[in-house]
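Visitor: I am new to this structure and would like to be guided through it step by step, with the reasoning spelled out.

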Amino acid sequence: MKGGSGENKTRMDEEQKLQAENPSPGGRKICVAFDGSKFSSYVLEWCAEKAFHSNDQITFVHTVEYSNIAYLPGAEMGGIAAGMVLNDLNEEVKKNAIKRGTQFLQRTARQATSLGFKPAKLKLLLAHPATSVKRAIYEFVEDTKPNLLICGSRGMGAMGRAFIGSVSDYLMHNVSCTIMIVKAPAEEQTESKEHMNTE
């Protein structure tokens with residue numbers, strides 16, 4: 001009987017080891033939020049090395065900001081025609097923002113492929129005065145319900161967080177899923193803080 005019990009325990013240990021090395025089909029749903037800065041490449045490389053599994057369902061998210069033009073000099077003299085020009089300009093601003101964001105996501109997807117991980121989805125979110133970047137990401141995450149959200153933190157320091165807020169801080173305290181925050185290398189955190197202090 002002892003021999004049988006030992007064999008069962010060994011078999012169970014081997015099964016647990018195999019499960020750890022080979023997660024269940026479909027893998028985890030992972031959402032990675034990129035800010036579009038040079039730090040994004042570091043976040044992706046870090047994820048490829050330390051976070052991604054081969055069967056994960058990975059979604060890359062990038063949020064672009066744009067502001068509508070509210071006033072054109074001399075518009076008060078142009079009536080309806082000036083209003084139409086303003087609408088056309090604002091539409092062009094939006095199209096350019098979408099183009100920049102799409103190009104960034106495509107470049108990031110190519111980089112991921114070169115690192116051995118192809119994202120299942122690319123999602124571009126739009127942020128404008130009525131919707132902040134952090135709110136846009138929060139709403140997307142709550143709607144899609146990933147198992148894990150990964151985002152970067154460039155180390156703005158206390159002053160930066162106090163004045164403009166930290167997207168990663170906001171998400172950490174509000175999203176319902178598990179969140180992993182990738183910190184920037186020490187030298188980039190220093191550059192970010194120095195930049196905040198000079199503004």
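The questions below move from the whole chain to a helix, a strand residue, a pair of serines and a pocket.

Visitor: What kind of model is this, and how many helices and strands does the protein chain have?
Guide: This is a predicted model, and what follows should be read with that in mind. Along the sequence, the elements of the protein chain follow the pattern α-β-α-β-α-β-α-β-α-α-β-α. The count for the protein chain is seven helices and five strands.

Visitor: What share of the contacts in the protein chain with a separation of 6 or more joins residues 24 or more positions apart?
Guide: Of the 199 residues in the protein chain, 33% are buried. Among the contacts with a separation of 6 or more, the share that comes from residues 24 or more positions apart is 79%.

Visitor: How far does helix 4 reach from its first C-alpha to its last?
Guide: Helix 4 covers residues 133–144, which makes twelve residues. At 1.5 Å a residue, a span of 16 Å is expected. The span found in the model is close to that expectation, at 17 Å.

Visitor: Which elements do the buried residues of helix 4 pack against?
Guide: The buried residues of helix 4 are Val-133, Ala-136, Ile-137, Tyr-138, Phe-140 and Val-141. An α-helix has 3.6 residues a turn, so residues three or four places apart point the same way. The partners of the buried residues of helix 4 are strand 1 (29–34), strand 2 (57–65), strand 3 (121–127), strand 4 (148–153) and helix 6 (167–174).

Visitor: Which residue just after helix 4 takes a positive phi?
Guide: The place to look is just past the end of helix 4, where a phi of about 55 degrees is found. The residue that takes this positive phi is Lys-145.

Visitor: Is Leu-149 buried or exposed?
Guide: Leu-149 sits in strand 4, and, leaving aside neighbours within four places in sequence, it is in contact with residues including Cys-31, Ala-33, Val-141 and Leu-171. The C-alpha atom of Leu-149 is also 9.6 Å from that of Thr-59, although the two residues are 90 residues apart along the chain. Because the relative accessibility of Leu-149 is 0%, and the cut-off for that class is under 20%, Leu-149 counts as buried.

Visitor: Which residue has a side chain in polar contact with the side chain of Ser-168?
Guide: Ser-168 lies in helix 6 and is buried, with a relative accessible area of 3%. Leaving aside its neighbours within four places in sequence, Ser-168 is in contact with Cys-151, Gly-152, Ser-153, Ile-179 and Ile-181. The partner in the polar contact is in the loop between helix 5 (157–164) and helix 6, and it counts as buried at 11% relative accessibility. At 2.9 Å, the side chain that meets the side chain of Ser-168 is that of Ser-166.

Visitor: Which element gives the most residues to the lining of the second largest pocket?
Guide: The second largest pocket holds about 190 Å³ of space, and its lining divides into five nonpolar, three polar and three charged residues. Among the lining residues are Lys-29, Ile-30, Cys-31, Phe-140 and Thr-144. Strand 1, strand 2, strand 3 and helix 4 each supply at least two residues of this lining. With three residues, the element that gives the most is strand 1.

Definitions and conventions
Residues are numbered from 1 along each chain as its sequence is written. This is a predicted model: local features need pLDDT of at least 70, side-chain atom pairs count only at pLDDT 80 or more; totals for chains, interfaces and linings use all residues. Side-chain values use heavy atoms; hydrogens and water are left out. Helices (H or I, at least four residues) and strands (E, at least two) are DSSP runs, numbered from the N terminus. The expected span of a helix is 1.5 Å times one less than its number of residues. Buried means under 20% relative accessible area, exposed over 50%, partly exposed in between (1.4 Å probe, protein chains only). Contact means heavy atoms within 4.5 Å. A polar contact is a pair of N or O atoms within 3.5 Å; within protein, one must be able to donate a hydrogen and the other to accept it, and residues adjacent in sequence count only if both atoms are side-chain atoms. On a 1 Å grid over the protein atoms alone, a cavity is a set of points where a 1.4 Å probe fits but cannot get out, and a pocket is an open set with protein on both sides within 12 Å along at least five of seven lines; lining residues have an atom within 4 Å of a point. Grid points are joined across faces, edges and corners, and a volume is the space filled by probe spheres set on the points. Ala, Val, Leu, Ile, Met, Phe, Trp, Tyr, Cys and Pro count as nonpolar, Asp, Glu, Lys and Arg as charged, and the others, Gly among them, as polar.
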